[in-house]
Amino acid sequence: MKKCAVLFLLIYAINLQSQNQLEALSFLNRTDFKVGYYGNFVWNNGINLGLEYGLYEKKIKKERRSGTKIISHHLLLNGSLGFSTNFRSNTENSLHTYYGFIWRRTSSRRWQLNFELNPLGYYRSFLPETFEVKGDEVTEIKFPGRSYYTPSTSIGFGKMRKESGLSAWYLNLNFSLKTNYNAGVLPMVSLQYGYRFNFKKKK
């Protein structure tokens, strides 16, 4: 009985390990990672990191005189984390993250049209050395800055690379709203330029 139990546990462990490996491969095959510039080239410049996970894909074949063209439509889950600063004045550093969805159209020539909608967005500002005056006392504020709910949307284009781990480049125009900013809303416009890459298993 003990030998059967040990054999059963061994088979179960091997099966669980195989499932975990298959799940990891499935995740990597459906995920693109991205890194790029984020800012407006004037007072706000930084870097943005993120990933895109494929949720849905539809391919449409169109017959033309020149041959068959395949157009792909993708729906992706989007997540991003970035850091930006003002290099001229160093008056504010910021950390931002957002989550949402991407709709992407890929033509037969590998050109891509991207549209993002990120209803979940967070922006945290970090101010330089700041002091507070209370009566006759002056004290330094630790971790000065504020947090904002910041939803965003963007539109852009790019192009896939053929047979390369560096899957595509992209250029997006991003529009976001920094809410509860001085009892109002502050619109922000920025550019995103970078590259997507993946670890998909080559066929």
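## Exercises on a predicted model

At 46% relative accessibility, Glu57 counts as partly exposed. Keep that in mind for Exercise 2, and remember throughout that this is a predicted model.

**Exercise 1. Get your bearings: how many helices and strands are in the chain, and in what order do they run?**

Step 1. Look at the ribbon and count: you should get one helix and eleven strands.

Step 2. Now start at the N terminus and walk along. The order is α-β-β-β-β-β-β-β-β-β-β-β, so the helix comes before the strands.

Step 3. Add some overall numbers. The chain has 203 residues, and 31% of them count as buried. It exposes about 14000 Å², with carbon and sulfur atoms supplying 64% of that area.

Step 4. Check how far contacts reach along the sequence. Take the contacts with a separation of 6 or more: residues 24 or more positions apart account for 53% of them.

**Exercise 2. Find the salt bridge partner of Glu57, then decide how to class each of the two residues: buried, partly exposed or exposed.**

Step 1. Here's the background: side chains of opposite charge can pair when their charged atoms come close.

Step 2. Glu57 pairs with Lys59, and their closest N and O atoms are 3.8 Å apart. The cut-off for a salt bridge is 4 Å, so this pair makes it.

Step 3. Glu57 has 46% relative accessibility, so it's partly exposed. Lys59 has a relative accessible area of 57%, so it's exposed, because exposed means over 50%.

**Exercise 3. Look at the salt bridges of Arg196 and Arg104. Which residues are their partners, and where do the pairs sit?**

Step 1. The structure holds six salt bridges. One of them joins Arg196 to Asp32, with 3.7 Å between the closest N and O atoms.

Step 2. Trace that pair on the chain: Arg196 is in strand β11 and Asp32 in strand β1 (residues 31–39), 164 residues apart. Both Arg196 and Asp32 are buried.

Step 3. Next, Arg104 meets Glu52 in a salt bridge at 3.0 Å, N to O. Arg104 lies in strand β4 (residues 93–106) and Glu52 in strand β2, so this pair ties together parts 52 residues apart in sequence. Arg104 and Glu52 are buried too.

Step 4. Put it together: a network of salt bridges links Asp32, Lys34, Glu52, Arg104, Glu116 and Arg196.

**Exercise 4. Is Asn45 buried or exposed, and what does its side chain touch?**

Step 1. Find Asn45 in strand β2, which covers residues 45–64.

Step 2. Its relative accessible area is 14%, so Asn45 is buried; the limit is under 20%.

Step 3. The side chain of Asn45 makes a polar contact with that of Tyr37, at 2.5 Å.

Step 4. Skip the neighbours within four places in sequence, and Asn45 still contacts Tyr37, Tyr38, Gly39, Phe83, Ser84, Thr85 and Phe87.

**Exercise 5. Which residues make the nonpolar surface patch, and which elements give two or more of them?**

Step 1. Select Trp103, Leu113, Phe115, Leu117, Ile155, Leu173, Phe175, Leu177, Val185 and Val189: they make a patch of about 890 Å².

Step 2. Sort them by element. Those giving two or more residues are β5 (111–126), β10 (168–181) and β11 (184–197).

Step 3. Zoom in on one member, Ile155, which sits in strand β9 (residues 152–160). With a relative accessible area of 47%, Ile155 is partly exposed.

Notes. Residues are numbered from 1 along each chain as its sequence is written. This is a predicted model: local features need pLDDT of at least 70, side-chain atom pairs count only at pLDDT 80 or more; totals for chains, interfaces and linings use all residues. Side-chain values use heavy atoms; hydrogens and water are left out. Helices (H or I, at least four residues) and strands (E, at least two) are DSSP runs, numbered from the N terminus. Buried means under 20% relative accessible area, exposed over 50%, partly exposed in between (1.4 Å probe, protein chains only). A polar contact is a pair of N or O atoms within 3.5 Å; within protein, one must be able to donate a hydrogen and the other to accept it, and residues adjacent in sequence count only if both atoms are side-chain atoms. Contact means heavy atoms within 4.5 Å. Patches are made of residues with over 30% relative accessible area and no salt bridge: like charges are joined within 9 Å, nonpolar side chains (Val, Leu, Ile, Met, Phe, Trp, Tyr) within 5 Å. Accessible areas come from the Shrake-Rupley method with a 1.4 Å probe; for residues, only the protein chains shown count as cover. A salt bridge is a side-chain nitrogen of Lys or Arg within 4 Å of a carboxyl oxygen of Asp or Glu.
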